[in-house]
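Reader: I'd like to go through this one with you and ask how each label was earned. Can you show me the sequence and the structure?

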Amino acid sequence: MNKLLPAPFLSLFLLVFWLLLQNTVSAGLIVLGIILAILIPLYTNRGRDFPATIHKPFKAIEYFILLMVDILISNLNIAAIILLPSRRIKPALIEYPLDIVGEVPITVLASTISLTPGTITAEIRRDGRALMIHALNVDDHEKLIASIKQRYEMRLKEIFKC
Amino acid sequence: MVELHGWADWLVSSLLIIGALFALIGSVGLARLPDFMARLHAPTKSTTLGVGGVILGSIVYFSVTASFSWHELLITIFLFLTAPISAHLLAKAGLHLELRRVENTRDLRAQPKQYSDKD
């Protein structure tokens, strides 16, 4: 981007973070927060190895809300598996082929998989083109892969344009 | 301690109970599930809602008694950032140590060698 704001979303995040830490909103605090939000990215920007730009911020917010809902469902899901004594679980190690590229998008996808129903990312393949997922209770792994692809990966692809 | 009004009292109490319940379920899962990888699922998933309930209760309590309070949301941000990373590291460690897996685990990897550190 431009010289003054090398990472606009980092700046915005820092400002919100600062106001949350203070737990009050006043003019003086906002000015101080804006100064910090400009200075800190200017200083830390040369240390950033993995540049990533969010091309569609509204899609990113939509993704965040979707993730919240899915985390709620995943909590209930796991609670049901734990509490119902009769249910036999069918765990599986699944290889998930990646379509997206870049460190940041893949990290976001891996974290999403870990937070959502019944799956945990365990490892990335050596060539970086596939993730290994441990699924707690899965009948049809093809269906699971397809659902992750169209629910999360397609959206991330749009957000990061990668 | 400040007395709460009727509805706030109910709301805060039920949020705290929901949070505590999910934290308990997560701990039960840690003890009950069959192998290491399955056990990992319980604390990473159930505790997010457990902590979430307690945090919501705290936001409501302090917003009603003192001034509007949002900085509990920071805890949520930190939790969502750290929970998948710690789960990932634990899973990775378990994978490379080749811990015993429950018998009906299906290994659907095409080339398991591609995920190992051994050369």
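Author: Here is a predicted model, and we can take your questions one at a time.

Reader: Why is A:Thr119 called buried?

Author: The cut-off for buried is under 20% relative accessible area. A:Thr119 comes in at 3%, so it counts as buried. It sits in strand 2 (residues 119–124) of chain A, and its contacts include A:Ile133 and A:Leu144 as well as B:His41 and B:Lys45 from chain B.

Reader: What makes the link between A:Thr119 and A:Ile113 a polar contact?

Author: The side chain of A:Thr119 reaches the backbone oxygen of A:Ile113 at 2.9 Å. A polar contact needs N or O atoms within 3.5 Å, so that distance passes.

Reader: How do you know that A:Lys59 and A:Glu158 form a salt bridge?

Author: The closest N and O atoms of A:Lys59 and A:Glu158 are 3.4 Å apart. The limit is 4 Å, so the pair qualifies. A:Lys59 belongs to helix 3 (residues 57–83) and A:Glu158 to helix 5 (residues 141–160) of chain A, 99 residues apart.

Reader: What makes A:Glu62 and A:Arg155 a link between separate parts of chain A?

Author: That salt bridge has its closest N and O atoms 3.5 Å apart. A:Glu62 is in helix 3 and A:Arg155 in helix 5, so the pair ties together parts 93 residues apart in sequence.

Reader: Is A:Lys149 buried or partly exposed, and what about A:Asp99?

Author: With under 20% as the cut-off for buried, A:Lys149 at 17% is buried. A:Asp99 has 36%, so it is partly exposed. The two form a salt bridge, with the closest N and O atoms 3.7 Å apart, and A:Glu153 joins them in a network of salt bridges.

Reader: How many salt bridges cross the interface of chain B and chain A?

Author: Zero, by the rule. There is one residue pair in polar contact between the chains, both residues at pLDDT 80 or more. On the chain B side, helix 2 of chain B gives the largest share, 11 residues. By class, that side has 23 nonpolar, 15 polar and 11 charged residues.

Reader: And what area do chain B and chain A bury between them?

Author: About 4100 Å², with 66% of it on carbon and sulfur atoms. The contact takes 49 residues from chain B and 48 residues from chain A.

Conventions. Residues are numbered from 1 along each chain as its sequence is written. Chains are lettered from A and ligands numbered from 1 in the order in which they are written. This is a predicted model: local features need pLDDT of at least 70, side-chain atom pairs count only at pLDDT 80 or more; totals for chains, interfaces and linings use all residues. Side-chain values use heavy atoms; hydrogens and water are left out. Contact means heavy atoms within 4.5 Å. Buried area is the accessible area (1.4 Å probe) that two parts lose on being put together, summed over both. A salt bridge is a side-chain nitrogen of Lys or Arg within 4 Å of a carboxyl oxygen of Asp or Glu. A polar contact is a pair of N or O atoms within 3.5 Å; within protein, one must be able to donate a hydrogen and the other to accept it, and residues adjacent in sequence count only if both atoms are side-chain atoms. Helices (H or I, at least four residues) and strands (E, at least two) are DSSP runs, numbered from the N terminus. Ala, Val, Leu, Ile, Met, Phe, Trp, Tyr, Cys and Pro count as nonpolar, Asp, Glu, Lys and Arg as charged, and the others, Gly among them, as polar. Buried means under 20% relative accessible area, exposed over 50%, partly exposed in between (1.4 Å probe, protein chains only). Lists of a residue's contacts leave out its neighbours within four places in sequence.
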